[in-house]
Amino acid sequence: MKKHLIALSLGTLALGIAEFCMMSILSGVAADLNVSIPQAGHFVSAYASGVCIGALLMVIFARNLGLKTLLLLIVGFIFFGNALTVFAFDYWSMLGARLIAGLPHGAYFGVGAIVATQLAKKGEASKDVCLMVAGMTVANLIGVPLGSFLSWAVTWRLAFMIVATVAALVFIGIKIWIPALPALPDHGFSAQFRFLTHLTPWLVLGAIGFGNGGFFAYYSYVNPIMENLASVPASLMSAVITLAGFGMVCGNLLAAKLSRRVGNAALACLGQAVLCCSLILLFFSAQLTWIAIALTVIAAGCVFFISGPEQVLILQNAKEGQLLAAAMGQVAFNFGNAVGAWLGGLPIESGYQENWSCVPASVLAGIGFLLLFATWKIHSAKSAEKEQAQ
């Protein structure tokens, strides 16, 4: 892997641990800070809120900064927010720390994707963005389980110490391995939003939200589904989560390999179709242990199979609003996670078995597929027009 991609992927590794580890250590955090589990859930929401706020702040205050300078500033916020989390001592200090830690999340993915695209060789932009996102998949494979173990064996604070340490390494890596890059052309504040007057960016953003929402409508309840329906012992649940993380890594790397031969829109459409089918099959086969586990791994792989191509698609259709567009991709991702988890829980709250969460999950994933299919058709039509013009 190119050195600048190592630095960028370490950044997504840190963000992956910072975002997803809280869900696996929630009970320990709640007990240590003397708050209830529902109150501790606010720490997850605070991070997601920070993601949304940070994207807008970047466009308002930082769009004139050089890309390398902006990236270093963002990594500094990753370090600062997670260092604050280490020293949180009550509900409010933790809430504030998590909000600050979330601010750089979407901005990092946005600026990182632009940097990876600018430094990529011709035809390899999607591959390089996939490799940057690979850090997030490794976080789910190794970082989150490690954070959960450390929380049980020592203290949950160690997980965020690791994130802050990795952020410091990312800062050094970016400083050394990424060349100075100028700021994107500034056509004014309102120009950042001009791309939203076109249909295609909304199709891609909607696909990110609905597609990931579909996965998390199921994955938020994977624990009770596996234990109560698939008969997986509680002692083996960590193995199932690790397998899902392995699926994420494989899906990401497969997309990187195929991106050289398949267009981004077609690649994302293919991954979304497989995700939708796997969720439908999970509804009918949740009681079959090994099939349920295999389909969970496939679904997890699809989420990060489509992540890189979708990020490149949103950049390709953003024109002068690339900074905002790239960050909005992460906003859509987190919004989809939150809404998906809520919708997936509705059938369970109504008294249905846990596998019924796959019903709203497959519907959301199906909508994501239709939006990507429409995007693919639009891109195909534009490509055909260009060929005829030549």
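## Glu124 and its salt bridge

Glu124 has a relative accessible area of 16%, and because this value is under the 20% cut-off, the residue counts as buried. This description, like everything that follows, refers to a predicted model. The side chain of Glu124 meets that of Lys127 in a salt bridge, with 3.2 Å from N to O. Lys127 has a relative accessible area of 13%, so this partner is buried as well.

## A network of charged side chains

Lys127 also takes part in a second contact, since its side chain and that of Asp128 meet in a salt bridge at 3.8 Å, again counted from N to O. Both of these residues, Lys127 and Asp128, are buried. Through salt bridges that share partners, Lys2, Glu124, Lys127 and Asp128 are joined into one network.

The link to Lys2 is made by Asp128, and in this salt bridge the closest N and O atoms are 3.1 Å apart. The two residues belong to distant parts of the chain, for Asp128 lies in helix α6 whereas Lys2 lies in the segment before α1 (3-24), and 126 residues separate them. Their surroundings can be described by accessibility: Asp128 has a relative accessibility of 0% and therefore counts as buried, while Lys2, at 26%, counts as partly exposed. A search of the whole structure finds five salt bridges, and the contacts described here are among them.

## Aromatic rings

A pair of aromatic rings is described by the distance of the centres and the angle of the planes. In this structure there are 14 aromatic pairs. One of them is formed by Tyr91 and Trp92, whose ring centres are 5.0 Å apart and whose planes stand at 85°, so the pair is edge-to-face. Tyr91, with a relative accessibility of 15%, counts as buried, but Trp92, with 64%, counts as exposed. Another edge-to-face pair is that of Trp156 and Phe160, with 6.1 Å from centre to centre and 80° between the planes. Here Trp156 is buried at 3% relative accessibility, and Phe160 is buried with a relative accessible area of 1%.

Aromatic residues can also be followed beyond a single pair, as ring pairs link Phe20, Phe215, Phe216, Tyr219 and Phe333 into a cluster. A contact of another kind is found at Trp376, where Lys377 lies over the face of the ring, at 5.7 Å from the ring centre.

## The second largest pocket

Rolling a probe the size of a water molecule over the atoms shows where empty space is left. The second largest pocket has a volume of about 670 Å³. It is lined by 34 residues, of which Asn264, Leu313, Gln316, Asn317 and His379 are the closest to its centre.

Several helices contribute to this lining, and those that give two or more residues are α5 (91-119), α6 (125-153), α8 (199-219), α11 (264-285), α13 (307-316) and α15 (358-389). The largest share, seven residues, comes from α15. When the residues of the lining are sorted by chemical character, they divide into 13 nonpolar, 15 polar and six charged. Helix α6, which contains the Asp128 described above, is thus one of the elements that give two or more residues to the lining of the second largest pocket.

Definitions and conventions: Residues numbered from 1 in each chain as written. Predicted model: local features only at pLDDT ≥ 70, side-chain atom pairs only at ≥ 80, totals over all residues. Heavy atoms only, no water. 1 Å grid on protein atoms, 1.4 Å probe; cavity = no way out; pocket = protein on both sides within 12 Å on 5 of 7 lines; lining within 4 Å. Points joined across faces, edges and corners; volume = space filled by probe spheres on them. Helix = DSSP H or I, 4+ residues; strand = E, 2+ residues; numbered from the N terminus. Nonpolar A, V, L, I, M, F, W, Y, C, P; charged D, E, K, R; others polar. Salt bridge = Lys/Arg side-chain N within 4 Å of Asp/Glu carboxyl O. Buried < 20%, exposed > 50% of the residue type's maximum accessible area, 1.4 Å probe, protein only. Phe/Tyr/Trp six-rings, centres within 6.5 Å; stacked < 30°, edge-to-face > 60°. Lys NZ or Arg CZ within 6 Å of the ring centre and 35° of its normal.
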